[in-house]
Amino acid sequence: MADDFSFSIEQNLGVISEGRNGWNLELNLVSWSGHPAKYDIRSWAPDHEKMGKGSTFTADELKALKDLLNKLDI
């Protein structure tokens with residue numbers, strides 16, 4: 001089943017932070033295993049061949065997260 005895993009970064013939306021090891025925490029629009037692309041926050045190696053653990057969001061989930069973040073007093 002691991003052979004069925006694939007990903008495609010459809011759009012790089014930005015770097016959230018840069019790591020000292022060269023990996024960046026990024027927000028991207030990613031298609032996983034041929035499924036429709038979702039918003040994705042995770043760390044990526046400079047060549048985007050390796051990735052860390054992350055979270056994916058539908059557009060509605062990302063909007064809900066944005067609303068929650070906007071309510072924070074930071």
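Accessible areas here come from the Shrake-Rupley method with a 1.4 Å probe, and for residues only the protein chains shown count as cover. The model is a predicted one, in which local features need pLDDT of at least 70 and side-chain atom pairs count only at pLDDT 80 or more, whereas totals for chains, interfaces and linings use all residues. Residues are numbered from 1 along each chain as its sequence is written, and side-chain values use heavy atoms, with hydrogens and water left out.

**Exercise 1. Describe the overall build of the protein, from its surface area to its order of helices and strands.**

Solution. Begin with the surface: the protein exposes about 5,700 Å², and carbon and sulfur atoms supply 52% of that area. Next take the extent, for which the C-alpha atoms fill a box of roughly 45 × 30 × 20 Å along the principal axes. Then list the elements, which are DSSP runs numbered from the N terminus, with helices being H or I of at least four residues and strands being E of at least two. The protein has one helix and four strands, and along the sequence they follow the pattern β-β-β-β-α. Finally, consider burial, where buried means under 20% relative accessible area, exposed means over 50%, and partly exposed lies in between (1.4 Å probe, protein chains only). Of the 74 residues in the protein, 18% are buried.

**Exercise 2. Work out how strands β1 and β2 are joined, and what is notable about phi in their hairpin.**

Solution. Two strands pair if DSSP finds at least two bridges between them. Strand β1 (residues 7-18) and strand β2 (residues 24-32) run antiparallel and are joined by nine bridges. One position can be placed exactly, since Asn12 stands opposite Asn28 in β2. Five residues lie between the strands of this hairpin, in which Gly22 takes a positive phi near 95 degrees.

**Exercise 3. Find the salt bridge of this model and describe the surroundings of its acidic partner, Asp40.**

Solution. A salt bridge is a side-chain nitrogen of Lys or Arg within 4 Å of a carboxyl oxygen of Asp or Glu. By this rule the count comes to one salt bridge, in which the side chains of Asp40 and Arg42 meet at 2.9 Å, N to O. Asp40 lies in strand β3 (residues 38-44), and because its relative accessibility is 0%, Asp40 counts as buried. Both Asp40 and Arg42 are in fact buried. For the neighbours, contact means heavy atoms within 4.5 Å. Leaving aside residues up to four places away in sequence, Asp40 touches Glu26, Leu27, Asn28, Val30, Trp32, Ser55 and Thr56.

**Exercise 4. Is Glu26 buried or exposed, and which side chain does a polar contact join to the side chain of Glu26?**

Solution. Glu26 lies in strand β2, and it is buried because its relative accessible area is 4%. A polar contact is a pair of N or O atoms within 3.5 Å; within protein, one must be able to donate a hydrogen and the other to accept it, and residues adjacent in sequence count only if both atoms are side-chain atoms. Such a contact, of 3.0 Å, joins the side chains of Glu26 and His48. Not counting residues up to four places away in sequence, the residues that Glu26 touches include Asp40, Arg42 and His48. His48 itself lies in the loop between β3 and β4 (51-57) and is partly exposed, with a relative accessible area of 25%.

**Exercise 5. Which residues other than glycine have a positive phi, such as His48 and Ser33, and where do they lie?**

Solution. Most residues other than glycine have a negative phi. Against that background, phi of His48 is near 60 degrees, and phi of Ser33 is near 50 degrees. His48 belongs to the loop between β3 and β4, while Ser33 is in the loop between β2 and β3. Ser33 counts as partly exposed because its relative accessibility is 33%.

**Exercise 6. Identify the residues of the nonpolar surface patch and place Leu69 within the fold.**

Solution. Patches are made of residues with over 30% relative accessible area and no salt bridge, where like charges are joined within 9 Å and nonpolar side chains (Val, Leu, Ile, Met, Phe, Trp, Tyr) within 5 Å. Leu69, Leu72 and Ile74 form such a nonpolar patch, with about 370 Å² of accessible area together. Leu69 is placed in helix α1 (residues 59-71), and its relative accessible area of 46% makes it partly exposed.
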